[in-house]
Each structure stands twice: as structure tokens, then as C-alpha cells.
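Student: I have a structure in front of me and would like to learn how to read it. Can we go through it feature by feature?

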Amino acid sequence: MLEFVLRISHYALPVLAVAVVALCFAALLRRRPSSMGKAKLVSTVNGDVFPLVSRETSIGRHKNCDIILNYSTVSRMHAVIVCAKGGWYITNIRSDSGVVVNGKRIEKKKFLKTGDRITLGSITLIFENKQG
């Protein structure tokens, strides 16, 4: 009996592994995101350009943030910009100074459109998104 199980597993396990890999690959293809456009943030302080190349971009002073702003008025983990189905959104993470978009402090997430002015502490960034 043991010999029979070993003989079957010799063929069944590789087949099962290939099936699992194929299912994972198919799931990745199904969940392909729509075009994010060419979104970026532009600093009004020095003109630095920060391309938004992933679906979720963290902003702050901490070295683990995707966009690092070394200003004392910016929190270590200040905000997150996310690309979702409806477009780009910004959310305050843990900052006491908050996130201000076009002069209004946001409470939850805020939809972003080209030309929006995002203020984090004393730093202002302009959001730009060119589809294509």
C-alpha cells in the first residue's frame, strides 16, 4: 500500500504544483489594473517631481516612505496616496498637522484631480495626472 501511495505522489504532486501556479497566474491576469495615467506630485518649494508609480504611495519623513520629505513640519508617516477604480485619493495617516487639499483640511480620503494643491505641514505639492 505504501509503495502505491509513493508511486502516485511521484506524479500527482508535480501536477498539483503546476495547477496551483497556473491558477495564480490566471488570477493575476484577471486582476490587471486599469491605466494609472502618469500621475505625479510637484513640490512648490524646489520643483522636485515625485512620480506616482505604484497603486499606493506613502509620504512622510520616515526612510520607509515612498516619498520622503525631510521637513520638520511633515510627520514621519504623514499621508498615503492611492489609485483606486475611481481615480486617485489622498488620506491622512497619523499626522497632527493633517492634510490640506486646496485650502481645506480633509477628514477622511479626498479625491484628487489635476492641479490640486496638497499641503503637508508647511510643504505644498501639486497633483498632476495625465492619462495616456
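Tutor: Start with Val 20, which lies in helix 1. The model is a predicted one.

Student: Is Val 20 buried, partly exposed or exposed?

Tutor: The general idea is to compare the relative accessible area with two cut-offs: under 20% is buried, over 50% is exposed, and the range in between is partly exposed. Val 20 has 43% relative accessibility, so Val 20 counts as partly exposed.

Student: What is the count of buried residues in the rest of helix 1?

Tutor: Among the 29 residues of helix 1, the count of buried residues is zero. Helix 1 is hardly covered.

Student: How far apart are Val 20 and Thr 91?

Tutor: Their C-alpha atoms are separated by 36 Å, and the two residues are 71 apart along the chain. Another pair to look at is Val 101 and Ala 27, 74 residues apart along the chain, with 36 Å between their C-alpha atoms.

Student: How do I check the length of a helix?

Tutor: Set the expected span against the distance between the end C-alpha atoms. At 1.5 Å a residue, helix 1 (residues 2–30) should span 42 Å. The end C-alpha atoms of helix 1 are 41 Å apart, which agrees.

Student: Where does helix 1 bend, and by how much?

Tutor: The bend is at Ser 9 and comes to about 30°.

Student: What follows the helix in the order of elements?

Tutor: From the N terminus on, the order is α-β-β-β-β-β-β-β-β-β-β-β. That comes to one helix and eleven strands.

Student: What does the radius of gyration say about the overall form?

Tutor: The general idea is to set the value against that of a compact globule with as many residues. For 132 residues such a globule would have a radius of gyration near 14 Å, but this protein has 22 Å. The box filled by the C-alpha atoms, taken along the principal axes, is roughly 75 × 30 × 25 Å.

Student: How much of the protein is buried, and how much area is exposed?

Tutor: Buried residues make up 30% of the 132 residues. The protein exposes about 9100 Å², and carbon and sulfur atoms supply 60% of that area.

Student: Where should I look for a core?

Tutor: In soluble globular proteins, nonpolar side chains tend to be buried together. Here the largest nonpolar core has 22 residues, and those with the most contacts inside it are Leu 41, Ile 81, Ile 90 and Ile 118. The elements that give two or more residues to this core are strand 1 (38–43), strand 5 (79–84), strand 6 (87–92), strand 7 (99–101), strand 10 (117–120) and strand 11 (123–130).

Student: Which residues does Ile 81 contact beyond its sequence neighbours?

Tutor: Leaving aside neighbours within four places in sequence, the contacts of Ile 81 include Leu 41, Leu 52, Trp 88, Tyr 89, Ile 90, Leu 112 and Ile 118.

Student: Leu 52 is in that list. Where does Leu 52 lie, and is Leu 52 buried or exposed?

Tutor: Leu 52 lies in the loop between strand 2 (49–51) and strand 3. With a relative accessible area of 4%, Leu 52 is buried. The C-alpha atoms of Leu 52 and Phe 127 are separated by 9.8 Å, with these positions 75 residues apart along the chain.

Student: And Tyr 89?

Tutor: Tyr 89 has its place in strand 6. The relative accessible area of Tyr 89 is 19%, so Tyr 89 is buried, given that the cut-off is under 20%. Tyr 89 touches, among others, Val 80, Ile 81, Lys 110 and Phe 111. The C-alpha atoms of Tyr 89 and Phe 111 are separated by 4.4 Å, although the residues are 22 apart along the chain.

Student: How do I compare two neighbours such as Val 101 and Asn 102?

Tutor: Read the element, the accessibility and the backbone angle of each. Val 101 is in strand 7 and counts as buried at 2% relative accessibility. The contacts of Val 101 include Ile 90, Leu 112 and Ile 118. Asn 102 is in the loop between strand 7 and strand 8 (104–105), and is partly exposed with a relative accessible area of 38%. Phi of Asn 102 is near 55°, a positive value in a residue other than glycine.

Definitions and conventions:
Residues are numbered from 1 along each chain as its sequence is written. This is a predicted model: local features need pLDDT of at least 70, side-chain atom pairs count only at pLDDT 80 or more; totals for chains, interfaces and linings use all residues. Side-chain values use heavy atoms; hydrogens and water are left out. A nonpolar core is a set of buried Ala, Val, Leu, Ile, Met, Phe, Trp, Tyr and Cys residues joined through side-chain atoms within 4.5 Å. Buried means under 20% relative accessible area, exposed over 50%, partly exposed in between (1.4 Å probe, protein chains only). Helices (H or I, at least four residues) and strands (E, at least two) are DSSP runs, numbered from the N terminus. Contact means heavy atoms within 4.5 Å. The expected span of a helix is 1.5 Å times one less than its number of residues. The bend at a residue is the angle between axes fitted to the seven residues ending there and the seven starting there. The radius of gyration is taken over C-alpha atoms; the globule rule is 2.2 Å times the number of residues to the power 0.38. Accessible areas come from the Shrake-Rupley method with a 1.4 Å probe; for residues, only the protein chains shown count as cover.
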